[in-house]
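Trainee: Could you walk me through this one? I'd like to start with how two of the chains meet.

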Amino acid sequence: MGSNIQERFRVSNGMAFFLIHTMQIGIGLLGYERYIAINAEYDSWISIIITGVSIHLILWMMYSMLNKEKGDLIAIHTRAYGHYIGKFFSFLFAIYFLLMGATVLRSYLEVVQVWMYPDLQEPIFLIFFAVLLYYTISAGFKTVTGIAFFGVILPSFLIFFLFFPLQYSDWDYLQPVFNHSIKDILLSSKAATLEYIGFEVILILYPFLKKPEKSQKWGQFGILFSTFLYVIVAIVTFSYFSQEQLGRTIWATLSMFKIVEFPFVERFEYLAIAVWALIIFPNICISLWCAGRTLKRAFHIRQRGSLIVMLLIVYVLQLLIPDRETTDLFITTVSRVGFYLIYFYTPFLFIVFHLQSRRRSR
Amino acid sequence: MKKFFQKWMNSSQQTENKKNEPETLSDLIDMASSSKDFVRYKIKKETGTIYISYIKTLIDMDTLHRDILPYIQHEKQMNLEDLKGSIPIDNILLSEKVPEIKEKLLSGYIILQFDTDIDECLLIKALSASNREVAAPEIEFSVLGPKEAFVESLDKNLHLVRKRLPTMNLTVEEMRIGTTSKTLISVLYVKGTANEENINTVIQRIREIEFDQIMDSSFITQLIADNQNSPFPQLIDSERPDRVSAALSEGKIAILVEGSPHALIGPTTLIEFFSSFEDYFLNWHVATTFRVIRMFSVMFSVFATPIYVAVLTYHYELIPKDLLGILVTSRSNIPFPPILEAVILELAIELLREAGARLPTKVGQTIGIVGGIVIGTASVEAGLTSNVLLIIVALAALASFTTPVYKMGNTIRLIRFPFLLFAQLWGLLGIMVCFCFLLVHLLRVESLGRPYLEPLYPPRLQDLKDTIVRLPFSAQSLRPINLQTENTKRFNKQKAKQKRDIDE
Amino acid sequence: MMIRIISLILACILLMAGCTTKQEILDDINLITLIGYDHTDDRKSQGTVAVPQYKPDGTVQNEYYSAIGEIGQDIGQQLALQTQRPLVNGKLEIVLFGIEFAEKGVIETNDIFRRDPSVSANMKLAVYDGNVHDFIVNHRIPNQDLGMALTKLIEQNSKQETFPRTNIHLFFRTYFTKGKDPFLPLLGMKDGKVYLKGVSLFKEGKMVSALPASDLTMFTLLHSGFDSGSFVLPVKELNAEVSLGHIDAEPKVEMRGNVNSPQITYTIKLKGLINEYSGDIKGIEKKVKLIEKSVNSVLEKRAESLINSLQQQGLDPLGIGKRANAHYRDWDVKEWNEQYPELDIKVKFQTNITESGVIR
């Protein structure tokens, strides 16, 4: 179904790594430590690994459906539920992707407003950002992938700056290991899933890979690398903050960058916030592109047109959210939807799809 | 708008054609006579009268006097065929097609006739070869290596390239472009190496050019660029025949234009604009170091002033404590905000450069020194600009000149201004947003349909061997993937790498 | 056309954008580098800030502003009334607490700085033995920013390993750690010069006591060890003094027994060389063993008396409780606090003098 994409619009398989990894690493990396440490406290790095393994499994399920259908989510939906219900579910996915993009932008602006510019003129800044998004997404999937690639490569130097907080590390905080109940660790795992959502985009962009059947390896690598990053950052954070202190630190990763000092620049976290724009930018681009693509495949709406409408929605959403509580509510709602999509909807779809396709083939 | 312009051009061209196209040779002569440099006279002999017509500013008088007139006067010719046999010049044409005659007349041919009423005539090439001699390159100067640069003559330029690539595969395709100028354009490539698709793209794009005059190769760059609204040049222009030859044998395509001392090379990538041909004359460690320095200088040139503005306007926290005193002291008397200060200084530097470029060399140098030292020192002492910024701006300007390709240097100086603006609006965040714009733009730009950012994106590790780093020649056995060459091997790696055992 | 419309819109935006985000141009703000807090009377406190003024000729002068108020914000507002340019916290180097203020508690005040994202995590906190306002106003250091001078004093001592590394992040980390009490450098005045007078010890955010300067090195050694520290010690057996340098030492707390009756041994392997020796140099190589033994016993005695005095006050700035928390799975802070003063903590030094012949 979806394999009618022209060769020149496709990207190589290796890009699946960057596309999936960049969707998972986003604004969450700035402050996820506090959330995952609520239950399992400083054992929660184990929880991250558990979540990572489960995500590998879910990605495998997705690939098994995609490889069988040789198409995207819309084709899978049509096969599983039939024409109309399938379209309805696809529409829900489009909305989910749109909201995901809006959430990422909202939470980034939140950081900017708290740390850098308490009186940032959002309407004007957002106009520029919307133009930037339009300029990027309208150039097509190849450019979006390019941004994803640079969004991983260019900010990757930040990881070396973890060396500075390491000088203040106190490993006593992490000991004794495994001092929490399985239940606590699993609860923390649940919290950690929110950091992994976003990789669902593979359901939409699958046909845009050159040899999509063989790209699973790269997708799994992407998740593995995300897990690695989350665990490393979590361990450094846990050794840098004491437990109660972490509970009072909203953006722990950002706070760690505070300690970085060079002879030519102090207060590295301001640079980090600016560089983070490059990390969240591909996130939003891919989400909005996926939303537009879903609408195009399901309802034959011109992507250029739907993109403008979506940018307007994102723009208005940003301005409608007045305070931190609403922002938090908005973000947690969207991520909870993501959680259910991954852990309940995907296995469900997996079963329905395989049953249906077996019946058809008979 | 664009359509209207094209329509207007077409219509005017058509009417011009109708009015001006001569139908007979005498019409042509009549029309030509209205120009003062058209010469026509007759030589009476017992066998008949020979009419000689030419445009005296185009032809070489020596050829006429030495090789043509003596043979006409002393021998007895009855018709044009006789005449053709007796004049000792090759490439004499016998023609009766008026359009061809007109074109030849305008490109420096002499017309010989017996009878004014018949269209048939003899055309003898006597184009004056008033070229300058091949000189050393001035724009892409190199300390080492060949000291030859292209000149304005296409033939000579082709000669310079062919001399370096003595192979039958080097193919030259010619076409004339420009409704008025009819400029001769040659497309060069090595058959069997260059990608067919690339060749077709170039030839097709050049054929499709609708323009009245092509005065230089840079016209072609702009007209066939993939994205004409991009400030980034999408074809490299080079005045070095060695660079062009190297590019050709790598599988690229070169475009030479009559009357232009610059060849165009494509398809190209962004990184290539920062590699000087001299890099290949140095050993690879040195060349790599220079390339890295060049990349840093470009980044410095683009980002230094915007970061200064951003930090001083919004992020005082970033300034290290030991630097704080220096910066505050240098700023304490300045009445302007940092952005104004920066824009003033940047513009001053641009003024100096512009003035230096437009004036004769000797005066230009003086202007540079006067401007640099006097204005700089005076403005700091007057308290109009801070001396720290003066250093930064001067270094940034200097850094922008390290790019080996002149056009790229201009682009780099230009893109600094949007960065300044964004830095003023949102500090570091603004710079990052502007950087995203730049990145997306670069991702969108293509050079002859090939990605501009290659080998960074799409990532091709193999092509990285000759980008920011230049690995030794032994590692360069394959042609760049980006060019999709027909023959990917440059030389046999095994043979080149064969190593002898110790003491053997 | 499209492009033209977009650019027109952009141009309009740019004109609008002239009045966007609040700017903090470097030379239009007053950078506070030092804040001092004093306890005045009842619930009020006095805040004093020092602001360096960088003159065009390259000299620096310190300007002082002072206000009395209830909470930080209140003081800030009153200070703003006195200044030409807005006061900003971004380059705050050090916060000084008057000793009386510190005894009333510093957490509320510090929390302001912890929450302020523009304040560095590496900002120093210190207690001043006396009235901070008088100190800031009267202390004259020529051509140097006072806040930076004090920070450098503390950092220098951290580098020399006479004081453990300290900043606001570490203070709060310790404050929020179960089984460890925070401490801050204690500054004092002598002969018109400011100096590191000792360690001020905190319990629950309130200063309760102080260690004298003579305990500084031992405190640092027990707290964070040495990379390249030094000691001057008497060798009673030889009636001489020895100066050890380039000391590399790592304190290790070993726990034995169960949670209710832990046996704690502080083991410190000390590796260093003899810098100076006041006795007879000849044949020093043979005396090394003796010196090592003597050094061990002297250090053990000092360390034990330091730890004992801390135990008696119920203070644990060395983080022995934190170590126990890492060791025992069912550690409880309340039980620990009860048994801590009576714990038997042994200290064992294992000195290894690697070189003795080098005399510098």
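Mentor: A polar contact here is a pair of N or O atoms within 3.5 Å, where one must be able to donate a hydrogen and the other to accept it. Keep in mind that this is a predicted model.

Trainee: OK, so how many residue pairs are in polar contact between chain C and chain B?

Mentor: The count is seven residue pairs, with both residues of a pair at pLDDT 80 or more. On the side of chain C that touches chain B, the elements that give two or more residues are α1 (2-16) and α6 (146-159) of chain C, and the residues of that side divide into eleven nonpolar, seven polar and seven charged.

Trainee: And how many salt bridges are there between chain C and chain B?

Mentor: There are three salt bridges between them; in one salt bridge, the side chain of Glu93(C) meets that of Lys321(B) at 3.6 Å, N to O.

Trainee: What area is buried between chain C and chain B?

Mentor: About 2200 Å² is buried between these chains, and carbon and sulfur atoms give 63% of that area. Within chain C, the residues that lose the most area to chain B are Leu26(C), Tyr54(C) and Lys91(C), which together account for 28% of what that side buries. The contact draws 25 residues from chain C and 25 residues from chain B.

Trainee: Switching topic, what span does helix α10 of chain B reach?

Mentor: Helix α10 of chain B, residues 284-313, has 30 residues and reaches 43 Å from its first C-alpha to its last, which is close to the 44 Å expected.

Trainee: Where does the kink in α10(B) lie?

Mentor: The kink, of about 40°, lies at Phe303(B), shortly before the proline Pro306(B).

Key: Residues are numbered from 1 along each chain as its sequence is written. Chains are lettered from A and ligands numbered from 1 in the order in which they are written. This is a predicted model: local features need pLDDT of at least 70, side-chain atom pairs count only at pLDDT 80 or more; totals for chains, interfaces and linings use all residues. Side-chain values use heavy atoms; hydrogens and water are left out. Helices (H or I, at least four residues) and strands (E, at least two) are DSSP runs, numbered from the N terminus. The expected span of a helix is 1.5 Å times one less than its number of residues. The bend at a residue is the angle between axes fitted to the seven residues ending there and the seven starting there. Contact means heavy atoms within 4.5 Å. Buried area is the accessible area (1.4 Å probe) that two parts lose on being put together, summed over both. A salt bridge is a side-chain nitrogen of Lys or Arg within 4 Å of a carboxyl oxygen of Asp or Glu. A polar contact is a pair of N or O atoms within 3.5 Å; within protein, one must be able to donate a hydrogen and the other to accept it, and residues adjacent in sequence count only if both atoms are side-chain atoms. Ala, Val, Leu, Ile, Met, Phe, Trp, Tyr, Cys and Pro count as nonpolar, Asp, Glu, Lys and Arg as charged, and the others, Gly among them, as polar.
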